[in-house]
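User: I'm new to reading protein models and I'd like to work through this one step by step. Can we go over it together?

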Number of protein chains: 2
Amino acid sequence: MLTAISAEQLKALEQTLHREIPLTLAMGITVVGFDEHGLTLAAPLASNLNDKRTAFGGSLAALATLAGWGLVHLVLRDHGPATVVIRECNVSYLRPVTRDIVATCSPPTPTELEKFLRTFERRGMARIELDVTIKANGEDAVRYHGVYVALDKARHPEAESI
Amino acid sequence: MLTAISAEQLKALEQTLHREIPLTLAMGITVVGFDEHGLTLAAPLASNLNDKRTAFGGSLAALATLAGWGLVHLVLRDHGPATVVIRECNVSYLRPVTRDIVATCSPPTPTELEKFLRTFERRGMARIELDVTIKANGEDAVRYHGVYVALDKARHPEAESI
């Protein structure tokens, strides 16, 4: 079911990011595409430089966070209005990123996806763990592991959201 | 030695952040102060909102990353030109941040600090682990643990920097 994401849905995701999270505009984030490798977001190096003239670690973490958030958002697009929050993440910075930043969130396995959706339908709340990779010159530059929680706000109006 | 940080040095740190890392301007980051609790940076909620109208997780991670980076930068201010890079971090998002974001990096213990500086002097390279906390309504909202590496570039010109 994850393969059936249209260009319009990707455009809508980008518009949601720009409208709801203003820092994504300052970072210049775009939604690049979705294929068998997962959801890919990008951001230009120029807007995300650090003192070494490579990509700022905070920008790398933020882009990875959004790649995972966006993937959960797309997964739940046909499951009613859901709130998606990040609970925890681990980021390993392996080498500098010296060009525009491209982050790809790998899709969950069919088993993980089915369990996530089944739990969300039954409890109105479910968690999923996702991996995001940012490459530089063909090698892994950043490895990100994030834990996300999706909430059906109609069924959990009391839930806090991050 | 960490207590002897002047207002001018804190201002210089803020200017360095704004000059070298342009996203810190978009985020509105300021250096608030340094005391026995550590180095504190802040950023207004309005520039760092998410779709829940609370603080964006990517902004929280970025501010925490910079609080740790800034502390290492201050620690090394009398030890020659050093490059400070982030190697790894873990971020736990415990509750939403609904007001301006304030991140405090706890100072290392005297033993940790001494070991870090001794290693840096001897090898021109040293690592240090730091904890940063962001509170909301008096309770921990974000707990961040980061691993930083400082490099004396004159002695390690080949080193990659993130």
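What follows is a set of short questions and answers about this predicted model.

User: Before we start, what ipTM does the model score?

Analyst: Remember that this is a predicted model, so let's look at the confidence scores. Chain A averages a pLDDT of 94, and 95% of its residues score at least 70. For the model, pTM is 0.95 and ipTM is 0.95.

User: How many strands form the open sheet?

Analyst: Try walking across it from one edge. You start with β1(A)-β2(A)-β4(A)-β5(A)-β6(A)-β3(A), then go on through β3(B)-β6(B)-β5(B)-β4(B)-β2(B)-β1(B), with antiparallel pairing. Neighbouring strands are turned by 25° against each other on average, direction ignored. The count for this open sheet is 12 strands.

User: Which strands are the edge strands?

Analyst: Look for strands that pair on one side only. That description fits residues 30-35 in chain A and residues 30-35 in chain B. So the edge strands, by that pairing rule, are β1 of chain A and β1 of chain B.

User: Where the chains meet in the sheet, how many bridges pair β3(A) with β3(B)?

Analyst: β3 of chain A covers residues 82-93, and its pairing with β3(B) is antiparallel. In this pairing, E88(A) stands opposite S92(B). On its other partner, β6(A), β3(A) has 11 bridges, also antiparallel, and there T83(A) faces L151(A). Back at the β3(A) and β3(B) pairing, the number of bridges is five.

User: Which element gives the most to the side of chain B that touches chain A?

Analyst: The contact takes 35 residues from chain B and 35 residues from chain A. On the chain B side, α2 (23-27), α3 (57-75) and β3 (82-93) each supply at least two residues. That side divides into 16 nonpolar, 12 polar and seven charged residues. The biggest giver, with nine residues, is β3(B).

User: Which residue is the bridge partner of L39(B) in β4(B)?

Analyst: Let's come in from the edge of chain B. β1(B) and β2(B) form a hairpin with two residues between them, and five antiparallel bridges pair them. There, F34(B) has L39(B) as its bridge partner. β2(B) is also joined to β4(B) by five bridges, and in β4(B) the partner of L39(B) is C105(B).

User: Is L130(B) buried or exposed?

Analyst: L130(B) sits in strand β5 of chain B, residues 125-136. Leaving out residues up to four places away in sequence, it touches G68(B), L71(B), C105(B), P108(B), G146(B) and Y148(B). The cut-off for buried is 20 or more other C-beta atoms within 10 Å. Because L130(B) has 25 of them, it is buried.

User: How far apart in space are L130(B) and Y148(B)?

Analyst: In sequence, L130(B) and Y148(B) are 18 residues apart. They still touch in the fold. From C-alpha to C-alpha, the distance is 7.8 Å.

User: At about what angle does α3(B) run to β2(B)?

Analyst: α3(B) lies across β3 of chain A as well as strands of chain B, including β1, β2 and β5. For its direction, take β2(B) as the reference. The angle is about 145°.

User: Which residue follows α4(B)?

Analyst: Helix α4 of chain B covers residues 110-123, which is 14 residues. The helix reaches 20 Å from its first C-alpha to its last, close to the 20 Å expected at 1.5 Å a residue. After it comes a residue whose phi is positive, near 70°, namely G124(B).

Definitions and conventions:
Residues are numbered from 1 along each chain as its sequence is written. Chains are lettered from A and ligands numbered from 1 in the order in which they are written. This is a predicted model: local features need pLDDT of at least 70, side-chain atom pairs count only at pLDDT 80 or more; totals for chains, interfaces and linings use all residues. Two residues are in contact if their C-beta atoms, placed from the backbone, lie within 7 Å. Helices (H or I, at least four residues) and strands (E, at least two) are DSSP runs, numbered from the N terminus. Ala, Val, Leu, Ile, Met, Phe, Trp, Tyr, Cys and Pro count as nonpolar, Asp, Glu, Lys and Arg as charged, and the others, Gly among them, as polar. A residue is buried if 20 or more other C-beta atoms lie within 10 Å of its own, exposed if 12 or fewer, and partly exposed in between; C-beta atoms are placed from the backbone. The expected span of a helix is 1.5 Å times one less than its number of residues. Axes are lines fitted to C-alpha atoms, for helices over the stretch in contact, and angles run from 0 to 180 degrees between N-to-C directions. pLDDT is the predictor's confidence in each residue, from 0 to 100.
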